Amino acid sequence: MPKKRRNTGRKYRRRPMLTIMERKKGESARDYVTRVLIDNIVNVHLEPGEKLLENDLSGQLGVSRTPYREAVLALAERQLVHIRPKKGTYVSHIDLKLVEEVRHLRSIVETELAVMACDLLTEEDLDVLRENIAIWKMYMERKQTDKILQFDKEFHRHFYEMCDRNYWYTLLESLSPHFDRTTVLSFRCRPVNGIVSDHEELVDAIAARDRGRAAETARRHMLRYTENIDTIRQAFPEYFA
């Protein structure tokens, strides 16, 4: 007879499987690992509270321990992971206060951008935004969460670039993973029709050069990302601090 496995009382720990992206030309090993880990944290392939296994993850990424450890330290500085001495490194749980601070800051900045866009955006720029929305809708129908986030972020990035505010974008993007993670979970929990209609209305307001409507749409839009927090907490209570 086969030997019966003894129950040790230890909980099974799943092996984290990363979504691996291609390394960019000239990208350092540290920056590559940082980018891949952030993407996996934001898209919840690495779950809040999950332990990061150094040997396993550095092997999946094809890098040595040194750049992996440097990347983990960079993530710890951004509060995306917690390093517990003699215990290991864990993906940070969702901090709602931090999420709200990022949302509030983006709301202020992007409301200003919406007003600026009324004066600056050309018809060609508006067509780029409309094309983004059309592709975004396709991925929504397919329920491809990672692509939905990608094209949502791309829509917002276009505004910073078209209004020549690239440094603003760089600053906010450094804070965005905390906010983006709740956005991904929101996409999984609730329909995104309101977010889509906001994008369409914002483009229409800018095309009409209606600064007041553009500003109000931008403010309302940024509230939508966190209005589903209660639903997210009910669906994923273990993800929150």
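So, for this talk a disulfide is a pair of cysteine sulfur atoms within 2.5 Å. Keep that cut-off in your head, and keep in mind that we're looking at a predicted model.

How many disulfides does that rule give us? Zero. Take Cys-163: the closest cysteine sulfur to its own belongs to Cys-118, and that one sits 9.1 Å away, too far for a bond. Cys-163 is also buried, at a relative accessible area of 2%. Cys-189, on the other hand, is partly exposed, and its relative accessible area comes out at 23%.

Okay, on to helix H3, residues 65-77. First, a quick sanity check on the geometry. With 13 residues and 1.5 Å a residue, H3 should span 18 Å, and the end C-alpha atoms are indeed 18 Å apart, so the two agree.

Now, which residues of H3 are buried? That would be Pro-67, Tyr-68, Ala-71, Val-72, Ala-74 and Leu-75. Around the axis they cover an arc of only 160°, so they're on the same side of H3. Flip over to the face turned away from that buried side and you'll find Leu-73 and Glu-77, both exposed.

And what do the buried residues of H3 pack against? Quite a list: two helices, H1 (29-42) and H2 (54-61), plus strands E1 (51-52), E2 (81-84) and E3 (88-91).

One last thing, for anyone who likes backbone torsions. Just after H3 you get to Gln-79, which takes a positive phi of about 65°.

That's my bit, thanks everyone.

How values were computed:
Residues numbered from 1 in each chain as written. Predicted model: local features only at pLDDT ≥ 70, side-chain atom pairs only at ≥ 80, totals over all residues. Heavy atoms only, no water. Helix = DSSP H or I, 4+ residues; strand = E, 2+ residues; numbered from the N terminus. Expected span 1.5 Å × (residues − 1). Buried < 20%, exposed > 50% of the residue type's maximum accessible area, 1.4 Å probe, protein only. Arc of directions from axis to C-beta. Contact = heavy atoms within 4.5 Å.
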